Amino acid sequence: MRIGIFTDAYVPQIGGVSTASQLIKNHLNALGHEAYVITTTEKNTPEEKNVIRIPSLPFFSEKRVGGNFDPKISQEVKELKLDLVHTQTEYGVGLMGKGLAKQQGIPHIHTFHTLYDNWMYGQLGENGFSHFIVRAMNKYLRYFLKNCDEIIVPTPKAKAFVEGYELGKTLTILPTGIELDKFFRAGENHKRRQDLRKEYGIPEDAFSLLYVGRISQEKKIDVVLEHFFPLLRQGEEIYFFIVGSGPKLDEYRHWVDRERLGKYIKLVGSVPIDQVQDYYAVGDVFVCASESETQGLTYIEALATGLPILVYPDPCLDQVFLDGVNGLSFTNAKEFSEAVLNIKNTPDQYQRLSEGAKKYSQKYSVDHFINNLIEIYERHLA
């Protein structure tokens, strides 16, 4: 099969869509298929085999949206003679993929990754303007989705969201898999953990929270920081290691500098995508307060590394998080502090949650995901 994966988000960006797109390409090619990624330009990005980058512009929250005005690139994509288009985003490059599928009369599969209502309100707040934008956006999304041959959603939460568009289509729930082995290995690489902790000034035996992902409004890192601050005022020796880039990074850095918390809060920024698993191993607990996820691949990556997760309850985590089995939940600062101290001061509890984390992550193997995806493709090519 010759598959085109059309996405506005791709490595070196850190995030679920970019990770899933590269994973699909690499594993399909390893199985003897021909998979290509058509995506946006990024600064200082080396060339990658079977990746075509088209001109792009900044979008909300430091995302990028592609706009192909180069006839040479259009011709290059047409000459791939694709059997099937798989879009991962609804705008820019995703729209290009939709148009190509229609033009060439080939199947169009789409994965719906983002709950745009939550995401847009996170960017603009809830006001008259944002309500207008969301209404217009939902009208467009319904147009984009209605003619897809099949729509994949990663979780029941995403399925319920898309069902609101009343498309009259059966939606396929298929959680994105991850390459579990490299996260398992990272969790056991104590030397790499020690070296990175030393590099960022975190004592070897200190307790550290961790966040990996986009540094943007909808991820609600500010909520975690607000809950974390009282623990420091109580004299707790706890660190917070934050990995990733995004529009809120500089704001959080200024806040950390202003509050003189640089000793305890480490804003690392972007890291090489092939080293991300090593940075998970720096932490002891993965923490996130986001309510905008459709699946939360970073949660699963953390679990595979052996990190319990400390999360805000959200339906997207119904298949990922089991309270008291692979992590704990919080809804306010008091619950957050109690959960952190519970995990920190109870080694037996920590060990049990860590073992539960690794065990529960195994259901998200990349092999299971790719095999199911191939079945979907073949169904439409039969």
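This passage describes an open sheet, a helix pair and a cavity in a predicted model.

The sheet is open and holds 7 strands. Their order is β3-β2-β1-β6-β7-β8-β9, and the pairing is parallel. The edge positions belong to β3 (51-54) and β9 (171-173). Each has a single partner strand, so one side of each lacks a neighbour in the sheet. On average, neighbouring strands are turned by 20° against each other, direction ignored. Strand β1 (residues 2-6) runs parallel to strand β2 (residues 34-40), and 5 bridges join the two. Among the residues of β1, I3 has A35 in β2 as its bridge partner. Helix α2 (residues 71-78) packs on the sheet and touches β1, β2 and β3. The direction of α2 makes about 150° with that of β3.

Helices α1 and α15 form a further contact. Their axes come within 11 Å and cross at roughly 80°. The two helices are therefore roughly perpendicular to each other. From α1, the contact involves L23, I24, H27 and L28. From α15, V366, F369, I370, L373, I374 and Y377 take part. By class, this contact has 9 nonpolar residues, 1 polar residue and no charged residues.

A search of the whole structure returned 3 cavities of 30 Å³ or more. The second largest holds about 50 Å³ of space. Its lining consists of A20, I24, H86, Q88, T111, H113, I152, L174, T176, F369 and L373. Both α1 (16-30) and α15 (366-381) supply at least two residues of this lining. By class, the lining has 6 nonpolar and 5 polar residues, with no charged residues. I24, F369 and L373 appear in the cavity lining and also in the contact between α1 and α15.

Notes. Residues numbered from 1 in each chain as written. Predicted model: local features only at pLDDT ≥ 70, side-chain atom pairs only at ≥ 80, totals over all residues. Heavy atoms only, no water. 1 Å grid on protein atoms, 1.4 Å probe; cavity = no way out; pocket = protein on both sides within 12 Å on 5 of 7 lines; lining within 4 Å. Points joined across faces, edges and corners; volume = space filled by probe spheres on them. Helix = DSSP H or I, 4+ residues; strand = E, 2+ residues; numbered from the N terminus. Nonpolar A, V, L, I, M, F, W, Y, C, P; charged D, E, K, R; others polar. Axes fitted to C-alpha atoms, helices over the stretch in contact; angles between N-to-C directions. Parallel < 35°, antiparallel > 145°, perpendicular 65-115°, else oblique. Contact = heavy atoms within 4.5 Å. Pairing = 2+ DSSP bridges.
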